[in-house]
Each structure stands twice: as structure tokens, then as C-alpha cells.
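Student: Could you take me through one part of this model slowly, a loop and the helices on either side of it? I would like each term explained as you use it.

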Amino acid sequence: MGDEATLGELRGRVAEFVAAREWEGFHHPKDLALAMSVEASELLELFRWRGRQEIERLLPELRERIAEELADVFIFGLSLANAAAIDLSHAILSKMEENEERFPVEKFRGRAYEDSEDSPSERRVS
Ligand SMILES: [Mg+2]
């Protein structure tokens, strides 16, 4: 299964995995949110103490471990969506619409911050 799997297929696969093991009782939304955070920390651990250039150099050998931790984050995210009956496609699309309004292209192309006293314009993305 590659990137062509739909969100629904992935959710179904995670739901089957949980149901087959009768883990629904463990997969409370609170615990799934905590699990996502733990997995996100495991992802961060791969980058800890490393500079951007070192990470870019090490990326080929780190890629598989990054993929594993990223998958862990998303698997728990999918399980959280299942446990909380959240339409994840709708949630993502709604959030993207919100982001597109909040960060209009003409104002934010190549920059992560709006010019203001709190957001120095030198913090541009190159
Ligand atoms: Mg992990």
C-alpha cells in the first residue's frame, strides 16, 4: 500500500487492527492524544542536538526512522479520529481553508511572519 491509500482505507485498517485486539477500551481519545504526543517526541528525538545541515546530510540514513515515527503519529491520529468520530477529511480541509485565509499567498509568500514589532521581517524563509 503506497501513498495512493485513501484516508478512509487507512482509518479502516487502523480500526480493524484495534478491534481485532479488542483495544477499544484502551483507545480513549485522551490516551490517543497523549500517544500522539509521545510519538511526536520520538520523532523530535531523531533531530535533537543536530543542526539543520547535519540533518540534511544524515537524511538518507534517518529517513526510515523518521518515516516510522511519522507513521506512529499518524496512526494514533487516525485512531483518535475513529475513537472521537471525527471526519478527518472534513477537519483537514476546513483547517486548510482557515490557513489559506489566515496566510494569504500575496502576503506570506516566502515568509512565515507578518511584518510587525513581534515578528521581525528578517525571519524570512529562503
Ligand atoms: Mg514510535
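Tutor: Let us begin with Trp-49, which lies in the loop between α2 (29–45) and α3 (52–83), where helices (H or I, at least four residues) and strands (E, at least two) are DSSP runs numbered from the N terminus. This is a predicted model, in which local features need pLDDT of at least 70 and side-chain atom pairs count only at pLDDT 80 or more, while totals for chains, interfaces and linings use all residues. Residues are numbered from 1 along each chain as its sequence is written.

Trp-49 has a phi near 70 degrees, a positive value in a residue other than glycine. Trp-49 counts as exposed because it has 6 C-beta neighbours inside 10 Å; by definition a residue is exposed if 12 or fewer other C-beta atoms lie within 10 Å of its own, buried if 20 or more do, and partly exposed in between, with C-beta atoms placed from the backbone.

On either side of this loop, α2 and α3 pack at an angle of about 170 degrees, with their axes 9 Å apart; the axes are lines fitted to C-alpha atoms, for helices over the stretch in contact, and angles run from 0 to 180 degrees between N-to-C directions. The two helices, α2 and α3, are therefore roughly antiparallel to each other, a label for angles over 145 degrees, whereas those under 35 count as roughly parallel, 65 to 115 as roughly perpendicular and the rest as oblique. Among the residues that make the contact are Leu-32, Met-36 and Leu-43 of α2, and Ile-66, Val-73 and Phe-76 of α3, and two residues are in contact if their C-beta atoms, placed from the backbone, lie within 7 Å. By class, the contact of α2 with α3 has 13 nonpolar, 2 polar and 4 charged residues, where Ala, Val, Leu, Ile, Met, Phe, Trp, Tyr, Cys and Pro count as nonpolar, Asp, Glu, Lys and Arg as charged, and the others, Gly among them, as polar.

Following the chain onward brings us to Ala-85, found in the loop between α3 and α4. Ala-85 also has a positive phi, near 50 degrees, in a residue other than glycine, and Ala-85 is exposed because 7 other C-beta atoms lie within 10 Å.

To set this part in its surroundings, the chain comes to 5 helices and 0 strands, and of its 126 residues 10% count as buried.
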